[in-house]
Amino acid sequence: MTDTAKHAAGNQPFDPLAGVDEHGTMAAKEYDSILLASFGGPEGQDDVIPFLRNVTVGRGIPDERLEEVATHYRANGGISPINEQNRALLNALQTELAARGIDLPVYWGNRNWAPYIPQTLEQIYADGHRKMLTVATSAYSCYSSCRQYREDLGLALRSTGLEGKLEADKIRQYFNHPGFVAPFAEGLSAGLAEIRAELAAAGRADGRLHIFFATHSIPTSDAEAAGPRPVAAELQEKTGLAPGEGNGADVYSAQHLDVAEEILRRVPEAADIEWSLVYQSRSGAPHVPWLEPDINDAIEELAAAPAGEDENEREGEREGERENHGEGSDAGPLAGVLVVPLGFVSDHMEVVWDLDTEAKETAENLGLAFRRTPTPGTHPAFVSGLVDIVEERLGRREGRAAVGCFGAWNDVCAPNCCVKVMRDGTVRPTVAAFDSEVGVPTR
């Protein structure tokens, strides 16, 4: 912490970590504003390369290479759907808050495109607010989904001079909140009915189906660093695997498996269908390991496998993986795939391009029926669930709703949770963690 920051923090009227218990649960606070924090995206062809420069800042990637990866944006008029989706979510949150009599303004700030988080914090402060609660559009635990947003806030507070003036907290990761799970279950049920009807119309009513639960891949090193260190160690001991060797060996993939099982519990008509967790949207240098399998590889491998051979037989038994291979593994050749994008909050570019375009094309080239179920978006259950969590932090709601094996996640992150060492050997400052320094008074 700089001398100026220490002076400001030493004289500030708040301690952002006051009220947190040993489990990372924060006592109620009187927040006066909400920040909806997201990734951001271009809104026209002229925005694409500047946006990608922001995403890849510090990596030294020339514009020529950025143009090579801009294809999916160019094909959609240079527009990412994420910004319009965030406008819709912001409006839905405001409506739900007002319906519950909660008078809190909702602001919106992005990591990589306007409106940027630092400028949004300046506006929040200029409007007279001093105690802000952040809702990020990422549900799971890993560097890019949680810690990087806490870094965004920490860096923004320091760069704007608002450290010690604006208190910035963040809600817990909500991957296992019922409001996040319910829309996926609803979508899976509807998707199964649709794809079965399509196959029946084609005279393939007895064809075998497979459900792919899809999420964004992350580097294996990020998977290893994800989550509280004791939880990560417990998962490795339980599975006998290192992160990257199989699903469930790290916090990130284990959370996704848990959500997949919760979705399936709500959809009894899926009980006899094989399913697996797959990844998408990897980027970066090819020699850097990321979580696998890629969804396109998984579809091709599944289609090529002899009828009746399940994934365990193809890859060998791997202790600790919890994918359910169903009762119907001997029901004949694969006829269709259903993709549930459980790693995503809305239908942004990774969904509409990597799934609706590339994965769909892979399936159709193999003669397979394809359905992709909706993301939560502005589904009433999801919006209501986010406001439920806000009410938790305001002290207006008893209990902390969660399903599955993990329980409600921490409000305040554990030390070294999802830590990432930068190329210069430094670790960026954060908020909302036991080991945060930004805005924390000297003790």
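Modeller: Let's settle one term before we start: buried means under 20% relative accessible area, exposed over 50%, and partly exposed in between, with a 1.4 Å probe and protein chains only. We are looking at a predicted model, where local features need pLDDT of at least 70, side-chain atom pairs count only at pLDDT 80 or more, and totals for chains, interfaces and linings use all residues. Residues are numbered from 1 along each chain as its sequence is written, and side-chain values use heavy atoms, without hydrogens and water.

Colleague: What is the relative accessible area of Glu 350?

Modeller: Glu 350 is found in helix α14, residues 349-352 (helices, H or I of at least four residues, and strands, E of at least two, are DSSP runs numbered from the N terminus). Glu 350 counts as partly exposed because its relative accessible area is 22%.

Colleague: Which residues does the UniProt annotation "binding site" cover?

Modeller: His 216 lies in strand β5, residues 208-216, and among the residues that His 216 touches are Tyr 252, Trp 290 and Glu 350 (contact means heavy atoms within 4.5 Å). Glu 350 is in contact with Gln 280, Ser 281 and Phe 344, among others, and His 216 also touches these three. In the unreviewed UniProt entry, the "binding site" annotation covers His 216 and Glu 350.

Colleague: What is the largest C-alpha distance in that cluster?

Modeller: The annotated residues, His 216 and Glu 350, are spread over 135 residues of sequence. They nevertheless cluster in space, with a largest C-alpha distance of 8.1 Å.

Colleague: Which strand does β3 pair with over four bridges?

Modeller: Strand β3, residues 131-136, has five of its six residues buried. Five bridges join β3 to the parallel strand β1, residues 33-38, where Ile 34 stands opposite Leu 133 (two strands pair if DSSP finds at least two bridges). Leu 133 also stands opposite Asp 169. The parallel partner that shares four bridges with β3 is strand β4.

Colleague: How many residues has the largest nonpolar core?

Modeller: Tyr 174, Leu 188, Ile 211, Phe 213, Ile 263 and Leu 342 have the most contacts inside the largest core (a core is a set of buried Ala, Val, Leu, Ile, Met, Phe, Trp, Tyr and Cys residues joined through side-chain atoms within 4.5 Å). Phe 213 touches Trp 275, Val 340 and Leu 342, among others. The number of residues in this largest nonpolar core is 71.

Colleague: Within what arc do the buried residues of α10 fall?

Modeller: In helix α10, residues 229-239, Ala 232, Leu 235 and Thr 239 are buried, and the buried residues pack against α11. Pro 230, Glu 234, Glu 237 and Lys 238, on the other side of α10, are exposed. The buried residues line one face of the helix, because down the axis of α10 they fall within an arc of 60°.

Colleague: Which proline does a cis peptide bond join to Glu 292?

Modeller: Most peptide bonds are trans, yet a cis bond joins Ala 114 and Pro 115, with omega about 0°. At Glu 292 omega is about 10°, and the proline joined there lies in the loop between β6 and α12. That residue is Pro 293.

Colleague: What is the phi of Cys 418?

Modeller: Cys 418 lies in the segment after α16, residues 380-394, and counts as buried because its relative accessible area is 1%. Although Cys 418 is not a glycine, its phi is positive, at about 60°.

Technical notes
UniProt positions are given in the numbering used here, feature names are shortened, and annotations may be inferred rather than shown by experiment. The arc is that of the directions from the helix axis to the C-beta atoms. Lists of a residue's contacts leave out its neighbours within four places in sequence.
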